[in-house]
Amino acid sequence: MEITNVSEYQAIAKQKLPKMVYDYYASGAEDEWTLKENREAFSRILFRPRILIDVSRIDMTTTVLGFKISMPIMIAPSAMQKMAHPDGEYATARAASAAGTIMTLSSWATSSVEEVASTGPGIRFFQLYVYKDRNVVAQLVRRAERAGFKAIALTVDTPRLGRREADIKNRFTLPPFLTLKNFEGLDLGKMDKANDSGLASYVAGQIDRTLSWKDVKWLQTITSLPILVKGVLTAEDSRLAVQAGAAGIIVSNHGARQLDYVPATISALEEVVKAAQGRVPVFLDGGVRRGTDVFKALALGASGIFIGRPVLFALAAEGEAGVRKILQMLRDEFELTMALSGCTSLKEITRNHIVTPGDFTRGVSRL
């Protein structure tokens, strides 16, 4: 069967992967309301396309933190990619580089920062969890810098791991032939079997629950890399991120894996963008499966989007070729959406190109 869209990879991944692995990638927290809502909220945003505009040439290029990329579609950090495919993060890094876009490597990758750097040139960010032992954090950040990573994406929504019931049922743990490569030399690379979720136990033991805004400042004292704060959902925290010196904000609910019944990221986006007042770029992750979703996020003020699960499912199905394919499919769909909406460059995508449910209730007129 020919694959014609990103979502079709999920069913293939489900067939191919062991249940414990598929469930770890696919599931959300508790009732999984937010997991469904991350997708459904996009479907409630409609287009207001403009016609009779010359769309024979379309420019999708943009810059992120000063780095030029081919399109505003980037790869989000997702953990333990070698569970999906033996090439894991290597394949993802090569696919991102080939597409001319950014890959974010997870702290909990099954390939190290050095190994990913060895795949060749490419613009890469490093996602950071703050461990209780700050020497571990400092060491990791220095290694990412030395390996040529260009920014730190600090995850701020995980003082504790969300309740992911599939992982509890499956007694999730990292398969014995894999390690969290970045922590291998520090004796933090293995995950013990637990009588619920092995990852939840690992987080409880290692990740710092005292993490606060002062640590965002501290991070700036140990690295010159720009810091993106990942996990912002409110105007209040958007303002605080700017005050704390963040170089950018990622509106994220951790793929609906942390606190259930938070809004979809696309629903929280505009509030965060308005509060940032143009002082830093705001990005979105969560629920993007179509080029139309990318356009909607940009119309609401995002500077770009990150995709997570689609990468894992494509990786499981077809390795590097699968990841290349989803990046190309999203690119092609986004270009088509721009053309049919009458936009030839990203700066032409405006709030007037869409209508949201809130516009009806507020009686917003677009005339």
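**Exercise 1. Work out whether Asn 38 is buried or exposed in this predicted model, and what surrounds it.**

Start with accessibility: Asn 38 has a relative accessibility of 3%. The cut-off for buried is under 20%, so Asn 38 counts as buried.

Next, place it. Asn 38 belongs to helix H3, which covers residues 33–43.

Then look at who is around. Skipping residues up to four places away in sequence, Asn 38 touches a set of residues including Asn 253, Gly 255, Ala 256, Gly 286 and Gly 287. With Asn 253 there is also a side-chain to side-chain polar contact, at 2.9 Å.

**Exercise 2. Find where the annotated His 254 sits, and list its contacts.**

UniProt, in an unreviewed entry, puts the feature "active site" at His 254. On the model, His 254 falls in the loop between strand S9 (248–251) and helix H11 (265–276).

Loop or not, His 254 counts as buried, because its relative accessibility is 12%.

Now for the contacts: leaving out neighbours within four places in sequence, they are Tyr 129, Thr 155, Asp 157, Thr 158 and Arg 164. Pick out Thr 158, whose side chain makes a polar contact of 3.2 Å with the side chain of His 254.

**Exercise 3. Classify the ring pair Trp 33 and Tyr 261, and say which parts it ties together.**

Take the geometry: the ring centres are 5.6 Å apart and the planes meet at 15°. Planes under 30 degrees apart count as stacked, so this pair is stacked.

Now map it. Trp 33 is in helix H3 while Tyr 261 is in the loop between S9 and H11, so the pair ties together parts 228 residues apart in sequence. As for Trp 33, a relative accessibility of 35% makes it partly exposed.

Other rings to click on: Trp 108, Tyr 129, Tyr 131, Phe 183 and Tyr 202 are linked into a cluster by ring pairs. For charges over rings, try Arg 134, whose charged end sits over the ring of Trp 218, 5.3 Å from its centre.

**Exercise 4. Describe the largest nonpolar core and find which helix gives the most to it.**

Begin with the count: this core holds 109 residues, and those touching the most other members are Trp 108, Leu 128, Tyr 131, Ile 266, Leu 269 and Phe 334. Helix H13 (residues 309–341) is the top contributor, with 14 residues.

Don't stop there, though: apart from this core lies another, of 13 residues, with Val 64, Ala 76, Ala 151 and Ala 153 among them.

Key. Residues numbered from 1 in each chain as written. Predicted model: local features only at pLDDT ≥ 70, side-chain atom pairs only at ≥ 80, totals over all residues. Heavy atoms only, no water. UniProt positions renumbered as here; feature names shortened; annotations may be inferred. Helix = DSSP H or I, 4+ residues; strand = E, 2+ residues; numbered from the N terminus. Buried < 20%, exposed > 50% of the residue type's maximum accessible area, 1.4 Å probe, protein only. Contact = heavy atoms within 4.5 Å. Polar contact = N/O pair within 3.5 Å; in protein donor to acceptor, adjacent residues only side chain to side chain. Core = buried A, V, L, I, M, F, W, Y, C linked by side-chain atoms within 4.5 Å. Phe/Tyr/Trp six-rings, centres within 6.5 Å; stacked < 30°, edge-to-face > 60°. Lys NZ or Arg CZ within 6 Å of the ring centre and 35° of its normal.
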